[in-house]
Amino acid sequence: MTVGIDAMQPLWFYDFVSPFTYLLLEQHDKWPGNDFAFTPVVLNDLYRHWGQLPAYNVPTKRVFMYRHALFRAEQLGIPFKMPPAHPFDSMKPLLLATAVDGDISFVREIFRFIWREGRDPSSDTAFAELCERVGQPDGPELIKSEEVKAKLQRNTANAISLGVYGVPTFYLNKQLFWGEDALPMVLYCARTPNWLDSQEVKRISSLPLGVANTTVGEV
């Protein structure tokens, strides 16, 4: 059961550390016409809960991810510039967006600061500049609030309770849609929600495991 999140409302979960989340937000004009609640979460906490290894911890996967993000940006015609290092600490902008219940314009401006201008928001100087840009010059003080920190933790815990395992994730009609490339599926299911009730979708959604869960080093 979630606390502080209306599980009946369409939700959009994000973390500023994700380039694909930026790319999806830049396609907002294509989203379904639902009123999604923009919900910041801590991606690393999702990974820890589900026992996932971040893509940037696998050297070859890391390279591919950055190339793929650049390719998608060029393919979509979206301005894109990687920050000077990745992953960076996204906690400051996450707390800022949490403190002010950032709407699409607010959240998009932060994403653009990072992924369009290639800035690292974790330094004190860059974060102060970001706060000025989004009209929150007292941001460095706002994010010190224990209440704000607790709210971000609740967001993340509530996301986990809904089954969220990564970002970007749409939560629509009690279903999860993960990834920038899931947008066509979101649009289709928004128009044709009964597709998820079709016999084949139900069958593959409840397939048994073919082998027991394995750990690293097992075959």
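Colleague: What is the phi of G51, which follows helix 2?

Modeller: The phi of G51 is positive, near 70°. Helix 2 covers residues 43-50, numbered from the N terminus as a DSSP run (H or I, at least four residues; strands are E, at least two). This is a predicted model, so local features need pLDDT of at least 70 and side-chain atom pairs 80 or more, while totals for chains, interfaces and linings use all residues. Residues count from 1 along each chain as its sequence is written, and side-chain values use heavy atoms, without hydrogens and water.

Colleague: Why do you say that the buried residues of helix 2 line one face?

Modeller: They are L43, L46 and Y47, buried meaning under 20% relative accessible area (1.4 Å probe, protein chains only; exposed is over 50%, partly exposed in between). Seen down the helix axis, they fall within an arc of 100°, so they line one face; the arc is that of the directions from the axis to the C-beta atoms. These residues pack against helix 8 (146-161), with contact meaning heavy atoms within 4.5 Å.

Colleague: What makes strands 1 and 2 a pair?

Modeller: DSSP must find at least two bridges, and strand 1 (residues 11-14) and strand 2 (residues 37-40) have 4, in the parallel sense. One of the bridges joins F13 to T39 in strand 2. The chain crosses between these strands through helix 1 (residues 19-25), a right-handed β-α-β crossover: with the strands pointing away from the viewer, the path from the first strand over the helix to the second runs clockwise.

Colleague: Which residues does F16 touch beyond its neighbours within four places in sequence?

Modeller: Among them are F88, P93, V107, F111 and W115.
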